[in-house]
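Me: I have a structure open and I'm new to it. Can we go through it piece by piece?

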Amino acid sequence: MGPLANLCFRMFVDRITFLHKTNPNDAISLSRRYETIRPRYLLCLVPIGRAPIAFRLAEEYRDLASLVVLVFTTDLPNAAEHIQNYVGRFGKEFADILFTYYEQRQAWASLLYTQDDNFDDWLKRFIDERTTDDPNGFMSHVGWVHDVKMCDFVAAAAKLTRAGRDSDEVEQARIMLSLGKLAFAIVESKEAGQSDTVAKAHTRLEDALEMCEVQESLMGYFTALVKEKNETPHGQVWRRRDDINDRKASLSAAMLTTTPECRHSYPALYIIYGELVRRIWNGTTLNVENLIDVLTYPDNVSAVGDGSKSSNLEFTEKYNQLVHDRCALALDILSRASFNIPELTREAMLRTIWRRAYLSDNWERIDKKLSGNIPDSILRTELLNTSLYKILKSCIAIRELAHPAWYLLPADVFALADTEYLVSTRIGFQFSHDPSVPAKWQPLSTVTSATLTKDYAEEDSRLRTAIKSGLGRYYDEIKRIVIDEVSKSNDVATASFSESYHARNEANDIWPLDSRHMENGDDDVAMDSD
């Protein structure tokens, strides 16, 4: 059998050599056939006790992929010795095929365990090439281990940041991002100053960590809320099993943070809110759009429960503070993540944030109260008690979101322009439940789509009523009050915003968004090569 295989290979090689001179196209076709047949012949020799012949032929005809398979299927106890021998004979070419073999079988421990200096350098290049080809692939999620071994902490931090952002679980994301933060700390301790690329990547890691913290606060509060209302014994309610008990608990959390009027007015949006609460309850990472939807849901109850139980007080206070600041927080999250979000999505979410911020007050009631000749002191007092005042002050004074283009006027935030995108593209593929169809291709049912469209139309209807009740002029006055208050505190950034804002009103110019937030692409990849 061995001589027959040798004869077959020799005939292939001679024929391919001849065709290269006479008919190159046929030579290519025959070479492909040869590459397919040769491993089959070699592996057929093993069951009949001809493994040494298979090794010899694979070496003679330089079939390195078959050599790797033969090493691990015929002589595993001596695999390390064989590998060392073949690396000495064939060098990096054999090492790359060995790494590919490990990668295809997801044998990450074997891939990363190297004891040879040459292997370390070759593996570093192999991982970097794979990461460049697929920045979000699995290799970038494990390659940081070898970067740490090679003391390349900048590359390790970049891979850890991507792995954390791509993680489906908040807990895992937190671990990966925390390790990335540690890698950046090592870089800072060794270098006097950071390059702009490294500094920007570090900022984005901190932004991703903040998103984890927001979701952890939501998880903690929902857990504490259900425990308090159900009077469950002290202990962990949140189990992340996604069983019937978890689903009932997450449904309770959704109902306790909404009002009956809102559930009646926005039935489809409430269903989506309930599903997002379930995902939060189970520790699933939400993307930016979904997190913004949770934070800006039309009628989140600001303070549910009195937090009287000491075990729940911390989460209750933390969540109440978060809810009061939720629209500003949503705007902050969008501004930080906008570098990695398509423009259509960014604009739709920006309109959603401000539409729901404007609808957080009853402007019809406010307008009736302020109609007629009233003293400026009463006008100011009433406007200072609005949610819009708290949102604008949080955005401008606390979070220092000082770029005018992030602030949309009431007339510019209707959902009509985004309804098709929100219903068909963003929400439709996430919340349909046909198990026979891949999740990303599942459209919403006709009834659900119609109901969701109606909910967005209801938001628009309420916004029109608010605008007719003077929302536009009240917004201008509240913004003027906030800017004047902050300008008096000698905040340079906000004073700059004040000048820009007034200039914008006078010239009616269109301002570009903050270049730090609006550039496309992901500098984490470029950072690897710095």
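Me: Which residues line the largest cavity?
Reply: The largest cavity is lined by Leu-269, Ile-272, Tyr-273, Leu-276, Asp-293, Val-294, Tyr-297, Pro-298 and Arg-356. On a 1 Å grid over the protein atoms alone, a cavity is a set of points where a 1.4 Å probe fits but cannot get out, and lining residues have an atom within 4 Å of a point.

Me: Before going on, what kind of model is this?
Reply: This is a predicted model, where local features need pLDDT of at least 70, side-chain atom pairs count only at pLDDT 80 or more, and totals for chains, interfaces and linings use all residues. Residues are numbered from 1 along each chain as its sequence is written, and side-chain values use heavy atoms, with hydrogens and water left out.

Me: Back to the cavity. How much space lies in the largest one?
Reply: About 60 Å³. A volume here is the space filled by probe spheres set on the grid points, which are joined across faces, edges and corners. The structure holds two cavities of 30 Å³ or more.

Me: Which helix gives the most to that lining?
Reply: H15, with four residues. H15 and H16 each supply at least two residues of the lining. Helices are DSSP runs (H or I, at least four residues) and strands are too (E, at least two), numbered from the N terminus.

Me: And how do the lining residues of the largest cavity divide by class?
Reply: Into seven nonpolar, no polar and two charged. Ala, Val, Leu, Ile, Met, Phe, Trp, Tyr, Cys and Pro count as nonpolar, Asp, Glu, Lys and Arg as charged, and the others, Gly among them, as polar.

Me: At what angle does H15 pack with H24?
Reply: Helix H15 (residues 267-281) and helix H24 (residues 446-468) pack at about 105 degrees, and their axes are 7 Å apart. That makes H15 roughly perpendicular to H24, a label for angles of 65 to 115 degrees. The axes are lines fitted to C-alpha atoms over the stretch in contact, and angles run from 0 to 180 degrees between N-to-C directions.

Me: Which residues make the contact?
Reply: From H15, Pro-267, Ala-268, Leu-269 and Ile-272; from H24, Thr-451, Leu-452, Asp-455, Tyr-456 and Glu-459. Contact means heavy atoms within 4.5 Å. By class, the contact has six nonpolar, one polar and two charged residues. Leu-269 and Ile-272 also line the largest cavity.

Me: New topic, pockets. How much space lies in the largest pocket?
Reply: About 780 Å³. Of the 31 residues that line the pocket, the closest to its centre are Arg-165, Asp-166, Leu-286, Asn-287 and Val-288. A pocket is an open set of points with protein on both sides within 12 Å along at least five of seven lines.

Me: Which helices supply at least two residues of that lining?
Reply: H10 (153-166), H11 (170-190), H12 (196-230), H16 (288-295) and H18 (326-337). The largest share, six residues, comes from H12. By class, the lining of the largest pocket has 13 nonpolar, nine polar and nine charged residues.

Me: Arg-204 caught my eye. Buried or exposed?
Reply: Arg-204 is buried, with a relative accessible area of 6%. Buried means under 20% relative accessible area, exposed over 50%, and partly exposed in between (1.4 Å probe, protein chains only). Arg-204 sits in helix H12. Its C-alpha atom is 9.6 Å from that of Phe-339, which is 135 residues away along the chain.

Me: And Ser-66, where is that?
Reply: In helix H4 (residues 64-74). Ser-66 counts as buried, at 4% relative accessibility. Leaving aside neighbours within four places in sequence, Ser-66 is in contact with Pro-39 and Leu-42.

Me: What is the phi of Arg-62, in the loop just before that helix?
Reply: A positive phi of about 55 degrees, although Arg-62 is not a glycine. Most residues other than glycine have a negative phi. Arg-62 lies in the loop between helix H3 (51-60) and H4, and counts as partly exposed at 40% relative accessibility.

Me: Last one, the whole chain. How many helices and strands are there?
Reply: There are 28 helices and zero strands. Buried residues make up 48% of the 530 residues. Among contacts between residues at least 6 apart in sequence, 72% join residues at least 24 apart.

Key. Parallel < 35°, antiparallel > 145°, perpendicular 65-115°, else oblique.
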